[in-house]
Amino acid sequence: MISLSRASTMVLIIISSILLACSPETETNTASISGGVFFDCDKNGECAEDETGLADMCVRLYAGACGEDMMQTHKTNEEGEFQFTGLAPGEYCVMTDFELRTCGFAGNHPTTTISRRVTIQDGMHAEIEWFGFGDLSGTQPPPAGNKD
């Protein structure tokens, strides 16, 4: 059986500490997801250049399946945009909450799906397709910022 002296043990501890300190750190929670919500004037589900973003729409982020493990909520800014940051790699679901906000119109309904599934890697930024809402009552769109 080999016996190490106290000095040899200290040298090994110091070398181990130096090696650990020099090891590159693995980055985590550096991914992000962004997108927006727009007023779909022609109700075709596609965001045209003349269609404006909708402010103050609630957007939710779920880990995994939609509706199961809510992680964050944000409201869209004046241009209708939102962003979730500080995310770990994995699968997510982004979902608009159109029931909480009708944009001031009784006939406002989604013209696109209300959820998007996204898989992200560490450090990745995912820009998802914008969510569309159109007023089916024939009322004019609300005043809002431009999506561009």
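Here is a walk through the fold, from the overall layout to one sheet and then the core.

What you have is a predicted model, in which local features need pLDDT of at least 70 and side-chain atom pairs count only at pLDDT 80 or more, while totals for chains, interfaces and linings use all residues. Residues are numbered from 1 along each chain as its sequence is written, and side-chain values use heavy atoms, with hydrogens and water left out.

Let's start with the layout. The chain has one helix and nine strands, where helices (H or I, at least four residues) and strands (E, at least two) are DSSP runs numbered from the N terminus. Going along the sequence, the pattern reads α-β-β-β-β-β-β-β-β-β. Take contacts (heavy atoms within 4.5 Å) between residues at least 6 apart in sequence: 67% of them join residues at least 24 apart.

Now for the sheet. Four strands make an open sheet in the order β3-β2-β5-β7, with antiparallel pairing; two strands pair if DSSP finds at least two bridges between them. At the edges sit β3 and β7, each pairing on one side only. From one strand to the next, the twist averages 20°, with axes taken as lines fitted to C-alpha atoms (for helices over the stretch in contact) and angles running from 0 to 180 degrees between N-to-C directions.

Strand β2 is a good place to linger. On one side, five bridges join β2 (residues 58–63) to β3 (residues 70–75), and Leu-61 stands opposite Gln-72 in β3. These two strands form a hairpin with six residues between them, and Gly-64 in the turn has a positive phi of about 75°. Strand β2 is also joined to β5 by five bridges, again antiparallel, and here Arg-60 stands opposite Met-95.

On to the inside. Of the 148 residues, 32% count as buried, meaning under 20% relative accessible area (exposed is over 50%, partly exposed in between; 1.4 Å probe, protein chains only). The largest nonpolar core has 19 residues; such a core is a set of buried Ala, Val, Leu, Ile, Met, Phe, Trp, Tyr and Cys residues joined through side-chain atoms within 4.5 Å. Strands β1 (31–39), β2, β4 (81–87), β5 (90–96), β7 (115–120) and β9 (131–135) each supply at least two of its residues, and β1 gives the most, with four.

Ile-33, Leu-87, Val-94 and Ile-120 have the most contacts inside this core. Leaving aside residues up to four places away in sequence, Ile-120 touches Ala-31, Ile-33, Leu-87, Ala-88, Pro-89, Gly-90, Tyr-92 and Ala-126.
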